[in-house]
Amino acid sequence: MLTKIIHEDNVSRSYELIDTAERIVILTHLSPDGDAIGSSLALYHFLKEVGKNSVVIVPNRFPSFFNWMSGATEIVILEENPKEVQALIADADLLIAVDFNDLKRIDGVKPFVEQSQAKKILIDHHLFPEAFADVTISHPEISSTSELVFRLICRMGFCQQITKDCAEAIYVGMMTDTGNFSYASQSPEIYNIISELLTKGIDKDNIYRLVYNTYSEHRIRLMGYCLLEKMKLYKEQRTAVISLSLEELERFEYQIGDVEGFVNIPLSIEGIDISILVREDAKKVKLSFRSQGDIPVNKMAATYFNGGGHLNAAGGECTLSLAETLEKLEKVIINNNIETV
Ligand code: 5GP
Ligand code: MN
């Protein structure tokens, strides 16, 4: 039996909104990760099982190592089909937003959501959710939105309706947001849920292989290049920085998802507790922050790089050039006591 962490009122109101809806759209954040795709597809499969049509919309393409997931090919991508996205949202009577706390995180999808008259449910685990939804299910203490989706489905009385496809999607989100259960994974109830998912027929070892062991040769060579040539250590500050320019990414035939996880690697060096990956994009510079222990990298991301996230995993961006961003970052690293950034 799981603790009833989702408020009863939110469970019954979600049930009512889903029960009365006819055209449901599921939305998730820019540069979707495993939890974004996992929680979205889990809802999509659940809704299908209870006789509700829905469609998943994402702002831009997700990494190809999620393509194997059932329903992945039906996801509608704003960057590729803007007119379809606009029409689907305009026509929807219920929007379910997952794995983001701020409409800024859905980028170009935001104006359509703001214009929409549809009811809205937010299911998320980031701090400080924006108040845009009719029902806000926000639990930062839970390590993945996919776990929250599992809990919500069960609390609404539909645990039986979780199919293997749905269970697989939930597992992908739980696995990827905890680094294959290596952080934010201490809660015993995570393993009760996994046990339930296994009884639904998922093959967890195969899911691990499909997500983590199907990378391209380019990605592995780029990883080698990063570690050999591009990793700068600020030992006194217990910090590592890896930066990649557009030219370098192109040299290694960069595809979306190719640098996923790189930011975690320097944390395996003894004495390094903060790791930052800086990646030049066509329009801006994107930063990923990771830390160990109680070092709040989300504060660093929010204070200096217009971002946010969790205590140990955060992101941000910068509109300066790559060189200027690195200069700014160096100042932040050197001038700030890491314990109190
Ligand atoms: P990643 O480094 O994997 O892109 O992101 C790690 C976490 O940081 C995400 O789960 C998300 O919570 C947060 N995050 C990433 N990029 C941004 C951003 O640009 N703005 C905000 N507010 N949060 C971000
Ligand atoms: Mn998440």
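**Exercise 1. State how strand β5 pairs with β6, and place both strands in their sheet.**

Solution. Strand β5 (residues 119-124) pairs with β6 in the parallel sense, over four bridges; two strands count as paired if DSSP finds at least two bridges between them. Strands (E, at least two residues) and helices (H or I, at least four) are DSSP runs numbered from the N terminus. The model is predicted: local features need pLDDT of at least 70, side-chain atom pairs count only at pLDDT 80 or more, and totals for chains, interfaces and linings use all residues. Residues are numbered from 1 along each chain as its sequence is written, chains are lettered from A and ligands numbered from 1 in the order in which they are written, and side-chain values use heavy atoms, with hydrogens and water left out.

Step 1. Within this pair, Ile121 stands opposite Val135 in β6.

Step 2. The open sheet has six strands, in the order β3-β2-β1-β4-β5-β6, with parallel pairing. Its edge strands, β3 (76-77) and β6 (135-138), each pair on one side only.

Step 3. Helix α1 (residues 8-20) packs on this sheet and touches β4 (94-98), β5 and β6; contact means heavy atoms within 4.5 Å. The direction of α1 makes about 130° with that of β6, where axes are lines fitted to C-alpha atoms, for helices over the stretch in contact, and angles run from 0 to 180 degrees between N-to-C directions.

**Exercise 2. Determine which residues of strand β1 lie on each side, and whether they are buried or exposed.**

Solution. Step 1. In a regular strand, side chains alternate between the two faces of the sheet.

Step 2. In β1 (residues 24-27), Ile24 and Ile26 lie on one side, and Val25 and Leu27 on the other. All four are buried, and both faces are thus covered; buried means under 20% relative accessible area, exposed over 50%, and partly exposed in between (1.4 Å probe, protein chains only).

Step 3. β1 runs parallel to strand β2 (residues 54-58), joined by four bridges, and Ile24 stands opposite Ser54 in β2.

**Exercise 3. Explain why strand β9 is largely enclosed, and identify its partners.**

Solution. Step 1. β9 (residues 274-280) has six of its seven residues buried, so the rest of the structure largely encloses it.

Step 2. Strand β8 (residues 239-244) pairs with β9 in the parallel sense over six bridges; Ala240 has Ser275 of β9 as its bridge partner.

Step 3. Strand β10 (residues 285-291) runs antiparallel to β9, with seven bridges between them. Here Glu280 is matched with Val285 of β10 as bridge partner, and a hairpin of four residues joins β9 to β10.

**Exercise 4. Describe the packing of α5 on α7 and of α11 on α12.**

Solution. Step 1. Helix α5 (residues 145-155) and helix α7 (residues 188-199) have axes 11 Å apart and pack at an angle of about 70°. They are therefore roughly perpendicular; angles under 35 degrees count as roughly parallel, over 145 as roughly antiparallel, 65 to 115 as roughly perpendicular and the rest as oblique.

Step 2. Glu147, Phe150 and Arg151 of α5 meet Glu189, Ile190, Ile193, Glu196 and Leu197 of α7.

Step 3. For helix α11 (residues 297-305) and helix α12 (residues 322-335), the axes come within 12 Å and cross at roughly 130°. This pair is therefore oblique. Met300, Tyr304 and Phe305 of α11 make the contact with Thr325, Lys328, Leu329 and Val332 of α12.
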